[in-house]
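Trainee: I am new to this structure and would like to go through it in short steps. Please show it, and then I will ask.

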Amino acid sequence: MPDIRVKICGLRSLDDVATVAATKAAYAGFVFFPKSPRHLTIPQARELTLAAPVGLAKVALVVDADDALLDAIVDAMPLDMLQLHGHETPERVAEIRARYGLPVMKAIGVADEGDLAALMEYSLVADQILVDAKPPKNAALPGGNGLSFDWRLVAQRRWLKPWMLAGGLTPHNVAEAIRLTNARQVDVSSGVESSHGVKDPAKIKAFVEAATQDGPPILR
Ligand SMILES: O=C(O)c1ccccc1N[C@@H]1O[C@H](COP(=O)(O)O)[C@@H](O)[C@H]1O
């Protein structure tokens, strides 16, 4: 089986970073969105990103961020990617890519067939596409809600750029999600937490092992 690249999102402590760094996860995500229980201030995120090993890609997650916020984030810490999880237009994605010279991953919410056209549209301008569940109407968060979508909608599909599957993934369902969709990259936040916004080291380890087929089968 080809390598599966795993992103663990919403790290909030040095212990979280150490836990993720000790697994085969490829990416660590840091959230800059005040409404999120995973939100970090810039000094907090700087400390965590500096503690992360070079081989672990550090991703800053923002939601409709303006240049002032992005400037402050990018200037303060080492980053490998920007994740745009709001209503950024294709033009804004291109602008951010050009301004910061960092790879940009654009999140797209999927609920039905009608949402798939956006994946192709954004794959023209972003470096990666994050295929997430569409948040419920009036949800406080545009992602990180622990909700999945019908994976058959994206099963075996390809776009112009690498893509990552997200939304409601857990140590128990990630292997099946990969098998069904043929995703080569997966992203998780809620599914590796013991309570809202609090990461669980055992779940992180179990998730990475299940995704990379690197551990014992998970018994339910
Ligand atoms: O994690 C958050 O708090 C968050 C806030 C705002 C936008 C996105 C957020 N997380 C991303 O949402 C998806 C799915 O998360 P979950 O596994 O269903 O909880 C994932 O890409 C996170 O990076």
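Trainee: Of the 28 residues around the ligand, which come nearest?
Mentor: This is a predicted model, in which local features need pLDDT of at least 70 and side-chain atom pairs count only at pLDDT 80 or more, while totals for chains, interfaces and linings use all residues. Residues are numbered from 1 along each chain as its sequence is written. A residue is near a molecule if its C-beta atom, placed from the backbone, lies within 6 Å of it. Of the 28 around the ligand, those that come nearest are C9, S36, G143, G144 and S190.

Trainee: Which elements give two or more residues to the shell around the ligand?
Mentor: Helices (H or I, at least four residues) and strands (E, at least two) are DSSP runs, numbered from the N terminus. The elements with two or more residues in the shell are β2, β6 (128-133) and β8 (185-188).

Trainee: How many residues of the shell around the ligand are charged?
Mentor: Asp, Glu, Lys and Arg count as charged; Ala, Val, Leu, Ile, Met, Phe, Trp, Tyr, Cys and Pro as nonpolar; and the others, Gly among them, as polar. The shell has 12 nonpolar and 13 polar residues, and the charged ones number three.

Trainee: Which residues of helix α2 are buried?
Mentor: A residue is buried if 20 or more other C-beta atoms lie within 10 Å of its own, exposed if 12 or fewer, and partly exposed in between, with C-beta atoms placed from the backbone. In α2, which covers residues 42-51, the buried ones are A45, L48 and T49.

Trainee: Why are these buried residues on the same side of α2?
Mentor: The arc is that of the directions from the helix axis to the C-beta atoms. On the other side of α2, P43 and L50 are exposed. The buried residues lie on the same side because they cover an arc of only 95°.

Trainee: What covers the buried residues of α2?
Mentor: Contact here means that the C-beta atoms of two residues, placed from the backbone, lie within 7 Å. The cover includes α1 (14-21), β2 (27-32) and β3 (57-62).

Trainee: Is D75 buried or exposed?
Mentor: D75 is found in helix α3, residues 67-76. With 10 other C-beta atoms within 10 Å, D75 is exposed.

Trainee: What is the radius of gyration of the protein?
Mentor: The value is taken over C-alpha atoms, and the globule rule is 2.2 Å times the number of residues to the power 0.38. With 220 residues, a compact globule would have a radius near 17 Å, which agrees with that of the protein, 16 Å.
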